[in-house]
Structure formats: structure tokens, C-alpha cells
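Please look over the sequence and the model shown here before reading on. The paragraphs that follow go through the ligand site, the metal ions and a few points of the backbone.

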Amino acid sequence: MTYRAEYIWIDGTEPTAELRSKTKILADGEEPGIWGFDGSSTNQATGDNSDVVLQPVFQCPDPIRGGDNILVMCETLLTSDLSPHPTNSRAATRAAVEKYGDQDAWYGLEQEYTLLDPETKWPFGFPPNGYPGPQGPYYCGVGALRIAGRELVEQHTDWCIAAGLKISGTNAEVMPGQWEFQIGPAGPLEVGDHLWLARYLLYRAGEMFDIEVSIDAKPMKGDWNGAGMHTNFSTAAMRESYEPIEKACEALGAEGVPAKHLAGYGVGIEDRLTGEHETQRFDQFSYGVSDRGASIRIPWQVKQDGKGYIEDRRPNANADPYTVAALMLDTVGAALA
Ligand code: ADP
Ligand code: MN
Ligand code: MN
Ligand code: MN
């Protein structure tokens with residue numbers, strides 16, 4: 001008897017990396033070991049030295065195939081010495097965990113995305129060649145005139161739960177055709193592994209329903225919300241008292257730090273962080289209680305309780321969760337060490 005392992009990895013597509021996957025048939029009882037692929041077809045190698053190594057790092061049940069079949073998230077390694085491939089962003093998260101893992105960081109990532117008509121590339125739910133009424137009724141909306149794509153969203157949620165991913169909620173977003181799911185709370189490596197596999201399942205749901213899924217940060221120019229990946233973050237100390245929360249905010253605003261973070265927060269930051277549509281401008285830094293126009297929001301409940309977490313509102317929907325997790329842990333971990 002056999003089972004199937006879907007090996008999934010992050011490629012070298014510029015400017016935003018994409019997911020790739022292929023299937024390995026394994027004998028019952030056989031573990032999914034190291035494998036490889038043709039990096040010259042994924043912008044990860046040249047044709048004369050094309051092999052890239054796949055190192056399994058996280059696996060879960062495959063909710064699409066069912067049975068004993070599994071999904072396997074992989075890191076990419078160089079054949080020369082099995083060191084991380086330059087596009088292997090998970091390696092930086094591992095390094096941050098080595099330094100600050102004892103602070104027990106938790107993350108909650110809010111992945112926003114937009115459903116598109118695969119032919120017109122126009123958001124699902126927008127009338128063909130036209131625009132829907134202005135934003136207002138769509139966020140967490142109900143009803144055929146407000147909502148498009150809910151069947152896909154429900155399918156995706158079912159799959160995430162069946163796979164054992166730490167999905168914690170979903171909601172319709174401010175722009176029609178735009179949705180969100182959250183992963184967390186989860187640790188620094190875990191949140192990235194779960195989010196990338198949840199993205200994989202989302203694209204697979206898109207195949208099933210023939211709807212294109214986009215994590216573009218500003219799919220519609222003009223008076224339409226962009227798509228972000230708000231990053232909720234805490235360490236054990238932040239979950240115990242308020243002072244480390246303010247310390248974390250100050251560290252994130254220290255000289256040179258905002259620019260360093262924004263460089264890892266995804267493509268098209270300037271298009272989305274305009275100071276409009278519930279964002280702070282990309283060239284300004286601020287933090288505040290309940291403030292959805294700040295770079296960092298301290299939730300009202302956190303101020304009330306005198307402990308909890310902060311929300312970094314800047315990461316784009318197309319950011320790499322491994323990179324975002326490493327930046328947060330490096331900056332806040334160092335400040336609270
Ligand atoms: P918003 O009000 O900004 O829309 P959401 O409810 O969409 O927030 O997302 C909040 C996320 O933060 C959830 O994934 C939740 O699990 C996560 N979260 C809750 N508590 C913590 C914590 N202490 N540290 C990190 N993340 C947390
Ligand atoms: Mn949310
Ligand atoms: Mn949202
Ligand atoms: Mn949020």
C-alpha cells in the first residue's frame with residue numbers, strides 16, 4: 001500500500017515569491033525524506049547547476065486527498081553543503097528563535113486576500129466593467145449584494161481545520177471580494193508554517209471554484225482598501241505586564257528600525273500605507289491605543305488589562321510570514337532581553 005506526500009516550498013519568483021508543490025508516492029510506513037527539484041524552472045538555480053534540495057520541516061494531514069495522505073512544508077537547501085538556499089526565508093526565523101526563543105513569542109497573523117475573476121482579473125463581486133457601491137456595507141456583511149465567494153471561504157476553512165492548522169477566524173473585508181483568515185496564536189516557526197500551508201489550501205480552493213486568489217497589497221487603486229497581514233505579537237513578558245508592551249513599541253520606532261521592518265513587509269508598501277484606509281503613512285511611525293491609523297495598535301482590551309499583545313498593522317498581504325516573524329522577534333526580543 002502507498003500514500004502521497006505533497007511537498008510544498010517557496011520559490012524564487014520576483015518580486016513576490018510563490019508556492020510550488022509536487023507529489024511523492026511513499027510506501028506505507030516510509031517517512032517523507034529529503035527530495036529535490038529543478039531550480040532552473042523556479043528562479044532558484046541556473047540550468048548547469050539546477051538541483052535544489054527539499055528538506056521537510058512540517059507536515060500535516062492533506063485535507064483534500066484525505067486518508068493517510070499528507071502535506072509537507074519544506075525548506076530549500078543548496079546541494080553543495082546543504083546550507084539554506086538564498087530564497088530560504090525560514091532560516092532567518094530559525095536564527096531568531098535560537099537567540100530569543102526563551103521569550104516564548106506568540107503571533108496572530110491576519111491574512112487578507114482578494115478573489116478575482118480569472119478572465120477579467122476584476123474583483124469577484126464587482127459588476128463586469130463597473131464598480132459596486134462605495135465601501136461601507138461589505139465588512140463582515142451578509143447577503144447576496146454584499147458578499148461574493150463565501151463558498152470558497154467555507155471550503156478553505158474546512159480544509160484548514162481538517163489539516164490541523166491553527167486557523168482562528170475568518171471575515172469578509174471592507175472591499176467587496178476581499179476576505180481575511182487568521183492564524184494564531186502560534187510560535188515563530190509554527191505561524192509561518194501554518195500560514196504558508198493555509199495559503200496553499202486557499203489557492204487550491206481557488207482551483208476548485210475557478211476563482212483567482214490574489215495577495216496583492218493594493219489590487220484596486222483609488223478609494224478601496226488594500227490587503228494587509230496585520231501581525232499580532234506578544235512575548236511572555238508582554239502577556240504579564242504593560243511596561244514590556246510600551247518597550248516593544250518604542251523599540252519598533254527606534255531610529256532606522258521602521259525602514260528595516262518595511263523592507264521585509266512585502267511588495268508595494270508605499271501603495272498601501274498611504275495614511276488613508278486605516279493605515280499610517282509608510283514614512284511615519286506611531287503607536288497608540290485603539291488607533292487603526294497608527295503603525296502599531298495597542299488593543300483597547302490590552303490597555304484595560306495592563307497586559308497582552310500589540311498589533312503591527314504594516315505588513316502587506318503579500319509579505320512572507322517567516323520574514324515578518326524574524327524581524328519582530330529580533331527587534332522586540334533584543335529590547336526585552
Ligand atoms: P482585529 O481586531 O485586528 O481584526 P483579529 O481578531 O482578526 O484582530 O486577529 C487577532 C489575532 O491575534 C488572532 O489570530 C488571535 O489569535 C491573535 N492573538 C490573540 N492574543 C494574542 C497574543 N497574546 N499574542 C499574539 N497574538 C494573539
Ligand atoms: Mn482581523
Ligand atoms: Mn482585516
Ligand atoms: Mn487587525
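An oxygen atom of ligand 1 lies 3.3 Å from a polar backbone atom of G184, a polar contact being a pair of N or O atoms within 3.5 Å, where within protein one must be able to donate a hydrogen and the other to accept it, and residues adjacent in sequence count only if both atoms are side-chain atoms. Taken alone, ligand 1 exposes 580 Å², of which the protein buries 75%, with accessible areas coming from the Shrake-Rupley method with a 1.4 Å probe and, for residues, only the protein chains shown counting as cover. This is a predicted model, in which local features need pLDDT of at least 70 and side-chain atom pairs count only at pLDDT 80 or more, while totals for chains, interfaces and linings use all residues. Residues are numbered from 1 along each chain as its sequence is written, chains are lettered from A and ligands numbered from 1 in the order in which they are written, and side-chain values use heavy atoms, with hydrogens and water left out.

Two side chains also approach ligand 1 through polar atoms: a polar side-chain atom of S168 is 3.1 Å from an oxygen atom of the ligand, and an N or O atom in the side chain of E180 is 3.0 Å from an oxygen atom of the ligand. Altogether 17 residues surround ligand 1, the closest being E110, E180, S234, R297 and E311, where a residue is near if one of its heavy atoms lies within 4 Å. This shell divides into 5 nonpolar, 6 polar and 6 charged residues, and at least two of its residues come from each of β6 (106-116), β8 (178-186) and β10 (229-234), strands being DSSP runs (E, at least two residues) numbered from the N terminus, as are helices (H or I, at least four).

How is the manganese ion (ligand 2) coordinated? Its donors, which are N, O and S atoms within 2.8 Å of the metal (3.2 Å for Na, K and Ca), in a model without water atoms, so that sites may look incomplete, come from E110 (OE) and E180 (OE), at 2.2 to 2.3 Å. Because E110 lies in strand β6 and E180 in strand β8, this pair ties together parts that are 70 residues apart in sequence.

The manganese ion (ligand 3) is coordinated by E112 (OE), E173 (OE) and E180 (OE), at 2.1 to 2.2 Å, and its donors follow the spacing E-x60-E-x6-E along the chain. E112 is in strand β6 and E180 in strand β8, so these two tie together parts that are 68 residues apart in sequence. E180 also bridges to the manganese ion (ligand 2), which lies 3.9 Å from the manganese ion (ligand 3).

For the manganese ion (ligand 4), the coordinating atoms belong to E110 (OE, listed twice), H230 (ND1) and E311 (OE), at 2.0 to 2.5 Å, in the spacing E-x119-H-x80-E along the chain. E110 coordinates both this ion and the manganese ion (ligand 2), and the two ions are 4.0 Å apart. With E110 in strand β6 and E311 in strand β13 (residues 310-312), the pair therefore ties together parts that are 201 residues apart in sequence.

The backbone has some particular points as well. A cis peptide bond, with omega about -5°, joins G184 and P185, and P185 lies in strand β8. Another cis peptide bond joins E14 and P15, with omega about -5°, and P15 is in the loop between β1 (2-10) and β2 (19-27).

Key:
Nonpolar A, V, L, I, M, F, W, Y, C, P; charged D, E, K, R; others polar.
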